[in-house]
Amino acid sequence: MENSPAVRIVYDFPVAGHLCTDGAVRYIKMARRAGLTQPQGVCPTCQIIFQYQKPQRSKVRHFGENGATHF
Ligand SMILES: [Zn+2]
């Protein structure tokens, strides 16, 4: 068994559902902490760290039609 915590990226907020190690579905509430840009939550049972990420980044604007074909 590994002791290093696993980080799972989720796109649901403020709670992330997952199938826990004991077979139950748990919903972890994530919160934004100081020093962190993304909200995180830790499951007390399986120790998985859930990190929220926005589904799509729209920083890239349309400059012509170069290289924006990642769909
Ligand atoms: Zn869990």
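**Exercise 1. Identify the residues that make up the nonpolar surface patch of about 430 Å², and assign them to strands.**

Solution. The nonpolar surface patch is made by Val15, Leu19, Val25 and Tyr27. The structure is a predicted model. Next, place the patch on the secondary structure. Strand 2 spans 15-19 and strand 3 spans 25-29, and each of these strands supplies at least two residues of the patch. Tyr27 belongs to strand 3. Its relative accessible area is 59%. Because the cut-off for exposed is over 50%, Tyr27 is classed as exposed.

**Exercise 2. State how many helices and strands the protein chain has, and in which order they follow.**

Solution. The count for the protein chain is 5 strands and 0 helices. Along the sequence, the pattern reads β-β-β-β-β. As for burial, 23% of the 71 residues in the chain are buried.

**Exercise 3. Describe the coordination of the zinc ion: donors, distances and geometry.**

Solution. Step one is to list the donors. The zinc ion is held by NE2 of His18 and by SG of Cys20, Cys43 and Cys46, at 2.2 to 2.3 Å. Step two is the geometry. The angles among the 4 donor atoms run from 105 to 115°. Four donors count as tetrahedral if all angles lie between 85 and 135 degrees, so the site of the zinc ion is tetrahedral. Step three is the spacing along the chain, where the donors follow H-x1-C-x22-C-x2-C.

Step four is to locate one pair of donors. Cys20 sits in the loop between strand 2 and strand 3, whereas Cys46 sits in the loop between strand 4 (40-42) and strand 5 (49-52). The pair therefore ties together parts that are 26 residues apart in sequence.

**Exercise 4. Decide whether Cys20 and Cys46 are buried or exposed, and state how many disulfides the structure has.**

Solution. Cys20 has a relative accessibility of 6%, and Cys46 has a relative accessible area of 15%. Buried means under 20%, so Cys20 and Cys46 are both buried. For the second part, a disulfide is a covalent bond between the sulfur atoms of two cysteines. A search of the whole structure gives 0 disulfides.

**Exercise 5. Find the salt bridge in the structure and describe the exposure of its two residues.**

Solution. Side chains of opposite charge can pair when their charged atoms come close. The search of the whole structure returns 1 salt bridge. Asp22 forms a salt bridge with Arg26, and their closest N and O atoms are 2.9 Å apart. For exposure, Asp22 has a relative accessible area of 46% and is partly exposed. Arg26, at 26% relative accessibility, also counts as partly exposed.

**Exercise 6. Give the location and exposure of Lys29 and Arg32, and the C-alpha separation of each from a residue elsewhere in the sequence.**

Solution. Begin with Lys29, which is in strand 3. Lys29 has a relative accessible area of 64% and is exposed. Lys29 and Val15 are 14 residues apart along the chain, and their C-alpha atoms are separated by 4.3 Å. Val15 is also one of the residues of the nonpolar patch in the first exercise.

Then take Arg32, which is found in the loop between strand 3 and strand 4. With a relative accessible area of 59%, Arg32 is exposed. Arg32 and Tyr52 are 20 residues apart along the chain, with a C-alpha separation of 9.4 Å.

Methods: Residues are numbered from 1 along each chain as its sequence is written. This is a predicted model: local features need pLDDT of at least 70, side-chain atom pairs count only at pLDDT 80 or more; totals for chains, interfaces and linings use all residues. Side-chain values use heavy atoms; hydrogens and water are left out. Patches are made of residues with over 30% relative accessible area and no salt bridge: like charges are joined within 9 Å, nonpolar side chains (Val, Leu, Ile, Met, Phe, Trp, Tyr) within 5 Å. Accessible areas come from the Shrake-Rupley method with a 1.4 Å probe; for residues, only the protein chains shown count as cover. A salt bridge is a side-chain nitrogen of Lys or Arg within 4 Å of a carboxyl oxygen of Asp or Glu. Helices (H or I, at least four residues) and strands (E, at least two) are DSSP runs, numbered from the N terminus. Buried means under 20% relative accessible area, exposed over 50%, partly exposed in between (1.4 Å probe, protein chains only). Donors are N, O and S atoms within 2.8 Å of the metal (3.2 Å for Na, K and Ca); water is not among the atoms, so sites may look incomplete. Four donors count as tetrahedral if all angles lie between 85 and 135 degrees; four count as square planar and six as octahedral if opposite donors are over 155 degrees apart and all others between 65 and 115; anything else is irregular. A disulfide is a pair of cysteine sulfur atoms within 2.5 Å.
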